[in-house]
Amino acid sequence: MTVDECYLLGYIIKAHGLKGEVQVAIDADSPEAYQDLESVFVQQGQQLVPFFIESMSLKGNRAIVALEEVLTVEEANALKGAKLYLPLAVLPELPDDEFYLHELAGYSIIDAATSQTVGKVVNLIESGPQLILVLENEDNQEILLPYQEELLVALNKSATSISLKIPEGLLDIYTSEDEN
């Protein structure tokens, strides 16, 4: 299993207690959906190592987790800061008007005002509460486009396109010729 085949669930904050339990921050809209997990992948170096979960106690987006074969505080401390992943295949199917962020790679972005294709999503940057779509246009120029739900006009999963209300003048920054 590789990171590209998974999504980030959260990370281990620190050891908890003396019996190898860890405190986990879950980075999900509905952490309670993960209450009954049987296993998780823990990133160690460049590898994802599977761990079975013996128990999990959830409070908000934090959980106390007992992982099989992690029996001491020293073993738990060695996992501090490690990222936790789950396979993409376990994500539930979303309605047609909703999407997971990782699905946007390769989508065409259309300016709702002009119906013109602006570019294709090549990357996503999560900067605090702001999501930035990194686009590449037909001239191989990089365009950074802030995304907010209220800008979404239409999502077409079968055509892999999204129509957005792009703030006026934003694209001019990327498309205007140098005057030097």
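## A loop residue to start with

Leaving aside neighbours within four places in sequence, N137 is in contact with V118, G119 and I143. You'll find N137 in the loop between β9 and β10. Keep in mind that this is a predicted model.

Is N137 buried or exposed? With a relative accessible area of 10%, N137 is buried, because the cut-off for that is under 20%. Its side chain also reaches the backbone nitrogen of D139, at 2.9 Å.

## The hairpin around it

The strands on either side of that loop, β9 and β10, form a hairpin with five residues between them. One residue in the turn, N140, has a positive phi of about 60°. Strand β9 covers residues 130-136, and it pairs with β10 in the antiparallel sense over six bridges. If you want a spot to look at, try V134, whose bridge partner in β10 is L144.

Strand β10 has two faces. I143, L145 and Y147 sit on the covered one, while E142, L144 and P146 are on the uncovered one. So the bridge partner of V134 belongs to the uncovered face, and I143, a contact of N137, belongs to the covered face.

## The sheet it belongs to

Now zoom out a little. The hairpin is part of an open sheet of six strands, in the order β10-β9-β8-β7-β12-β11, with mixed pairing. Its edge strands are β10 (142-147) and β11 (152-156), each of which pairs on one side only. On average, neighbouring strands here are turned by 35° against each other, direction ignored.

At the β11 end, the partner is β12, residues 161-164. These two strands pair in the antiparallel sense over four bridges, and N156 stands opposite S161 in β12.

## Out in the open

Just before β9 comes another loop, the one between β8 (116-127) and β9, and that is the place of P129. P129 counts as exposed because its relative accessibility is 92%, and the cut-off for exposed is over 50%. Compare that with N137, which is buried at 10%. For a sense of distance, the C-alpha atoms of P129 and Q43 are separated by 25 Å, and the two residues are 86 apart along the chain.

## Two nonpolar cores

Which residues touch the most other members of the largest nonpolar core? They are L9, V40, V65 and L67, out of 24 residues in that core. The elements that give two or more residues to this core are β1 (6-16), β2 (21-26), β3 (39-44), β4 (47-59), β5 (62-67) and β6 (83-87). The largest share, four residues, comes from β1.

L67 is a good place to look around. Not counting residues up to four places away in sequence, L67 touches V22, V40, F51, F52, I53 and L79. Apart from this core lies another one, of 18 residues, among them L131, I143, L164 and L171.

## The whole protein

How many helices and strands are there? The protein has two helices and 12 strands, following the pattern β-β-β-β-β-α-β-β-β-β-β-β-β-α along the sequence. The radius of gyration is 20 Å, well over the 16 Å that the globule rule gives for 180 residues, so the protein is more spread out than a compact globule.

Along its principal axes, the C-alpha trace spans about 65 × 40 × 30 Å. Buried residues make up 36% of the 180 residues. Among contacts between residues at least 6 apart in sequence, 51% join residues at least 24 apart.

Definitions and conventions:
Residues are numbered from 1 along each chain as its sequence is written. This is a predicted model: local features need pLDDT of at least 70, side-chain atom pairs count only at pLDDT 80 or more; totals for chains, interfaces and linings use all residues. Side-chain values use heavy atoms; hydrogens and water are left out. Two strands pair if DSSP finds at least two bridges between them. Axes are lines fitted to C-alpha atoms, for helices over the stretch in contact, and angles run from 0 to 180 degrees between N-to-C directions. Buried means under 20% relative accessible area, exposed over 50%, partly exposed in between (1.4 Å probe, protein chains only). A nonpolar core is a set of buried Ala, Val, Leu, Ile, Met, Phe, Trp, Tyr and Cys residues joined through side-chain atoms within 4.5 Å. Contact means heavy atoms within 4.5 Å. A polar contact is a pair of N or O atoms within 3.5 Å; within protein, one must be able to donate a hydrogen and the other to accept it, and residues adjacent in sequence count only if both atoms are side-chain atoms. The radius of gyration is taken over C-alpha atoms; the globule rule is 2.2 Å times the number of residues to the power 0.38.
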